[in-house]
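Here's a quick tour of one model, with a look at its pocket, a strand and some aromatic rings. Have the viewer open and follow along.

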Amino acid sequence: LCNIGIAMAQNHSKVLLVDADMRNPRLNEVFKKENKEGLSAYLSRQRVGLASLIQKTEIENLYLITSGSNPPNPSELLASPRLCDFIDEAKKEFDFILFDTPPIAILTDAAILSGCADGVVMVVESGKTPKKILDRISKIFIETKAKVIGIILNKLSADSSDYYYYSYYPPQC
């Protein structure tokens, strides 16, 4: 997610990364930012405006909203009408809003967000994510009417026969 956000920002788009993983936040560590107030404060109706939560990163055009304090009920917060308010307000300021969520196969948070997002990009770990799980995730996306716009296959070994096949596949013009 971070690399996608960086690439978009370097392409002159104004990008907001939002850490929506309120159980195990990481983006604040990646960008070396404080995680005092964030998405959880906004969604829990605390008197916090979106502008006060936005942190500038070292990368031009790339901004961050951390998860904030760990609430007891992240799924309920994400399911609140305040999420739509958050997205609507952020869309006025940013070209792209990218949400980092917990794995959809484990928690409902990503499924809740997928129904509100304009598109979903799923990250799948090569050789680790079983097909049965992918089938279940596919059904979740159908139920939430999520628009899946892509899948990123990560941790693909350079020694893998699949890697060899794709790395030498001739481009189609």
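Which helices and strands each supply at least two residues of the lining of the largest pocket?

## The largest pocket

Keep in mind that this is a predicted model. The helices that each put at least two residues into the lining are H1 (2-10), H6 (82-93), H7 (109-114) and H8 (131-143), and the strands that do so are S4 (96-100), S5 (120-125) and S6 (148-154). Of these contributors, S5 gives the most, with six residues.

The pocket holds about 1700 Å³ of space. Its lining runs to 46 residues, and if you want to find the centre, look for Phe99, Asp100, Thr101, Val121 and Val123, which lie nearest to it. Sorted by class, the lining comes out as 32 nonpolar, seven polar and seven charged residues.

## Strand S1 and its neighbours

Now turn to S1, residues 15-19, where five of the five residues are buried. Val15, Leu17 and Asp19 point one way from the strand, while Leu16 and Val18 point the other way, and burial applies to all of them.

S1 has parallel partners to look at. With S3 (residues 62-65) it pairs over four bridges, and Leu17 has Leu64 as its bridge partner there. With S4 it runs parallel too, joined by five bridges; here Leu16 stands opposite Ile97.

## Aromatic pairs

How many aromatic pairs does the structure hold? There are three. One of them is Tyr42 with Phe86, edge-to-face, at 5.3 Å centre to centre and 75° between the planes. Tyr42 belongs to helix H3 (residues 39-43) and Phe86 to helix H6, so this pair ties together parts 44 residues apart in sequence. Both rings' residues, Tyr42 and Phe86, are buried.

Then there's Tyr63 with Phe94: the ring centres are 5.5 Å apart and the planes sit at 65°, so this pair counts as edge-to-face. Tyr63 is in strand S3 and Phe94 is in the loop between H6 and S4, so to speak a link between distant parts of the chain, 31 residues apart. Tyr63 and Phe94 are buried as well.

## A cluster, and charges over rings

Tyr42 and Phe86 also join Phe99 in one aromatic cluster. Phe99 is a residue you've already met, among those nearest the centre of the largest pocket.

Two of the tyrosines have a charged side chain over the ring. Arg82 lies over the face of Tyr42, 4.1 Å from the ring centre, and the charged end of Lys14 sits over the ring of Tyr63, at 5.5 Å from its centre.

Conventions: Residues are numbered from 1 along each chain as its sequence is written. This is a predicted model: local features need pLDDT of at least 70, side-chain atom pairs count only at pLDDT 80 or more; totals for chains, interfaces and linings use all residues. Side-chain values use heavy atoms; hydrogens and water are left out. On a 1 Å grid over the protein atoms alone, a cavity is a set of points where a 1.4 Å probe fits but cannot get out, and a pocket is an open set with protein on both sides within 12 Å along at least five of seven lines; lining residues have an atom within 4 Å of a point. Grid points are joined across faces, edges and corners, and a volume is the space filled by probe spheres set on the points. Ala, Val, Leu, Ile, Met, Phe, Trp, Tyr, Cys and Pro count as nonpolar, Asp, Glu, Lys and Arg as charged, and the others, Gly among them, as polar. Buried means under 20% relative accessible area, exposed over 50%, partly exposed in between (1.4 Å probe, protein chains only). Two strands pair if DSSP finds at least two bridges between them. Rings of Phe, Tyr and Trp (its six-membered ring) pair if their centres lie within 6.5 Å; planes under 30 degrees apart count as stacked, over 60 as edge-to-face and the rest as tilted. A charge sits over a ring if NZ of Lys or CZ of Arg is within 6 Å of the ring centre and within 35 degrees of the ring normal.
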